[in-house]
Amino acid sequence: YANHSPHLFATSSFDRTVKLWDSRLPDPAAAVFTCAGKRSMLMVCFSPHDGYLLSAGENNEVLQWDVNAGGRLQCTYDVQPKLTDG
């Protein structure tokens, strides 16, 4: 859940997505926005001021999403992968 907006929460999924949800919306199945990484997303958390989401995926994929810009990818952190593809 967001730190300052209790109606907002984010989820991460093995389908490679991070989604922002608003419990006030009339359609509970409609996410505010959906972002996609290259790998399964294992966790997500809000920044202290709720302006960004930080997600971590398989093989150390770490991405930062801008909540105020509709989930635009803000930053990709260069974390050394643990496994090689192939």
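This is a tour of a predicted model, stop by stop, with what to select and what is found there.

**The whole chain**

Start with the protein chain in cartoon view. The chain has seven strands and zero helices. Along the sequence, the order reads β-β-β-β-β-β-β. The radius of gyration is 13 Å, close to the 12 Å that the globule rule gives for 86 residues, so the chain is as compact as a globular protein of that length. Along the principal axes, the C-alpha atoms fill a box of roughly 45 × 25 × 20 Å.

Switch to a surface view of the protein chain. The accessible surface is about 5,500 Å², and carbon and sulfur atoms account for 54% of that area. Of the 86 residues, 36% count as buried. For contacts, take those in the chain with a separation of 6 or more: 27% of them join residues 24 or more positions apart.

**The aromatic residues**

Select Y1, F9 and W21 and show their side chains. These residues form one aromatic cluster. A pair of aromatic rings is described by the distance of the centres and the angle of the planes. In this model the count of aromatic pairs is two. Begin with Y1 and F9, a tilted pair with 5.4 Å from centre to centre and 45° between the planes. Y1 has a relative accessible area of 70%, so Y1 is exposed. F9 is partly exposed, because its relative accessible area is 24%.

Keep F9 selected and move on to W21. F9 and W21 make a stacked pair, with centres 6.3 Å apart and 15° between the planes. This pair links distant parts of the chain, since F9 is in strand β1 and W21 is in strand β2, 12 residues apart. W21 has a relative accessible area of 16%, which puts W21 among the buried residues because the cut-off is under 20%. Stepping through the cluster, then, Y1 is exposed, F9 is partly exposed and W21 is buried.

**The loop between β1 and β2**

Go next to the loop between β1 (8-12) and β2 (17-22), where F14 is placed. R16 lies in that loop between β1 and β2 as well. F14 has a relative accessibility of 63% and therefore counts as exposed. R16, at 44% relative accessibility, counts as partly exposed. Check the backbone of R16 too: phi is positive, about 80°, although R16 is not a glycine.

Now add L42 and M43 to the selection of F14 and turn on the surface. What kind of patch do F14, L42 and M43 form on the surface? The patch is nonpolar, and the three residues together have about 330 Å² of accessible area.

**The loop between β4 and β5**

Select D50, which is placed in the loop between β4 (41-46) and β5 (52-57). D50 also has a positive phi without being a glycine, with a value near 70°. Is D50 buried or exposed? D50 is buried, because its relative accessible area is 9%. Compare R16, the other positive-phi stop on this tour, which is partly exposed at 44% relative accessibility.

**The salt bridges**

Finish with the charged side chains. A search of the whole structure gives two salt bridges.

Select D22 and R24. The closest N and O atoms of their salt bridge are 2.8 Å apart. D22 counts as buried, because its relative accessibility is 13%. R24 has a relative accessible area of 58%, so R24 is exposed. The bridge between D22 and R24 therefore has a buried acid and an exposed partner.

Then select D66 and R72. Their side chains meet in a salt bridge with an N to O distance of 3.5 Å. D66 is buried, with a relative accessible area of 11%. R72 is partly exposed, with a relative accessible area of 45%.

Terms used. Residues numbered from 1 in each chain as written. Heavy atoms only, no water. Patch = residues over 30% accessible without salt bridge, like charges linked within 9 Å, V, L, I, M, F, W, Y side chains within 5 Å. Areas by Shrake-Rupley, 256 points an atom, 1.4 Å probe, with all protein chains shown as cover. Salt bridge = Lys/Arg side-chain N within 4 Å of Asp/Glu carboxyl O. Helix = DSSP H or I, 4+ residues; strand = E, 2+ residues; numbered from the N terminus. Buried < 20%, exposed > 50% of the residue type's maximum accessible area, 1.4 Å probe, protein only. Rg over C-alpha atoms; globule rule 2.2 N^0.38 Å. Contact = heavy atoms within 4.5 Å. Phe/Tyr/Trp six-rings, centres within 6.5 Å; stacked < 30°, edge-to-face > 60°.
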